[in-house]
Amino acid sequence: MTETWTLILGLAAATFAVRLSGYLLGRRLPDHGPWARGLQALPGCLILSLVTYLLMQGGPQEWMAGAAALVVAMFSRSLPLTMAAGIAVICLLRAYI
């Protein structure tokens with residue numbers, strides 16, 4: 001029983017340490033300047049790299065879904081709507097073609 005409680009307390013301490021370190025490091029990130037601009041652009045760059053990789057590995061259905069998502073993105077400027085359109089098109093294409 002003692003080993004179980006030691007494990008639970010150790011894991012709780014490790015979880016708290018990870019969360020605390022993320023908070024402390026996050027406070028030190030710059031608010032302005034080139035590093036701040038780079039960090040703000042990072043989520044978009046990650047999504048773009050994932051989509052590009054999937055398109056390169058995919059076939060015509062994936063390219064059609066990507067084109068549909070691009071059109072929605074150009075007209076709506078909404079990331080959730082763009083993602084929903086791409087997912088809907090690829091699901092329909094895979095189900096019916």
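**Exercise 1. Order of the elements**

Find how the elements of the chain run from the N terminus on.

*Solution.* Start at the N terminus of this predicted model and walk along the chain: the order reads α-α-α-α. Now count by type, and you get 4 helices and 0 strands.

**Exercise 2. Overall dimensions**

Work out how the radius of gyration of the chain compares with that of a compact globule of 97 residues.

*Solution.* Step one: a compact globule of 97 residues would have a value near 13 Å. Step two: the chain itself has 21 Å, so by the globule rule of 2.2 Å times the number of residues to the power 0.38, the chain's value lies above that of the globule. Step three: look along the principal axes, where the C-alpha atoms fill a box of roughly 60 × 45 × 25 Å.

**Exercise 3. Surface**

State what share of the residues counts as buried, and which atoms supply 74% of the exposed area.

*Solution.* Of the 97 residues, 9% count as buried. The chain exposes about 8,300 Å². Carbon and sulfur atoms supply 74% of that area.

**Exercise 4. The largest pocket**

Describe the space in the largest pocket and the residues that line it.

*Solution.* Here is the idea to begin with: rolling a probe the size of a water molecule over the atoms shows where empty space is left. The largest pocket holds about 800 Å³ of space. Its lining has 23 residues, and I47, V51, G66, A69 and T82 lie nearest the centre. Next, ask which elements give two or more residues to this lining: they are α2 (34-57), α3 (60-76) and α4 (79-96). Helix α3 gives the most, with 8 residues. Finally, sort the lining by class: 16 residues are nonpolar, 5 are polar and 2 are charged.

**Exercise 5. Two residues up close**

Decide whether T82 is buried or exposed, and do the like for G58.

*Solution.* Take T82, which lies in helix α4. Its relative accessibility is 13%; buried means under 20%, so T82 counts as buried. Leaving out residues up to four places away in sequence, T82 touches A69, V72, A73 and S76. Recall that A69 and T82 are both among the residues nearest the centre of the largest pocket.

Now turn to G58, in the loop between α2 and α3. With 26% relative accessibility, G58 counts as partly exposed, because partly exposed runs between the 20% and 50% cut-offs. To end, pair G58 with A17: they stand 41 residues apart in sequence and 41 Å apart in space, C-alpha to C-alpha.

How values were computed:
Residues numbered from 1 in each chain as written. Predicted model: local features only at pLDDT ≥ 70, side-chain atom pairs only at ≥ 80, totals over all residues. Heavy atoms only, no water. Buried < 20%, exposed > 50% of the residue type's maximum accessible area, 1.4 Å probe, protein only. Areas by Shrake-Rupley, 256 points an atom, 1.4 Å probe, with all protein chains shown as cover. 1 Å grid on protein atoms, 1.4 Å probe; cavity = no way out; pocket = protein on both sides within 12 Å on 5 of 7 lines; lining within 4 Å. Points joined across faces, edges and corners; volume = space filled by probe spheres on them. Nonpolar A, V, L, I, M, F, W, Y, C, P; charged D, E, K, R; others polar. Contact = heavy atoms within 4.5 Å.
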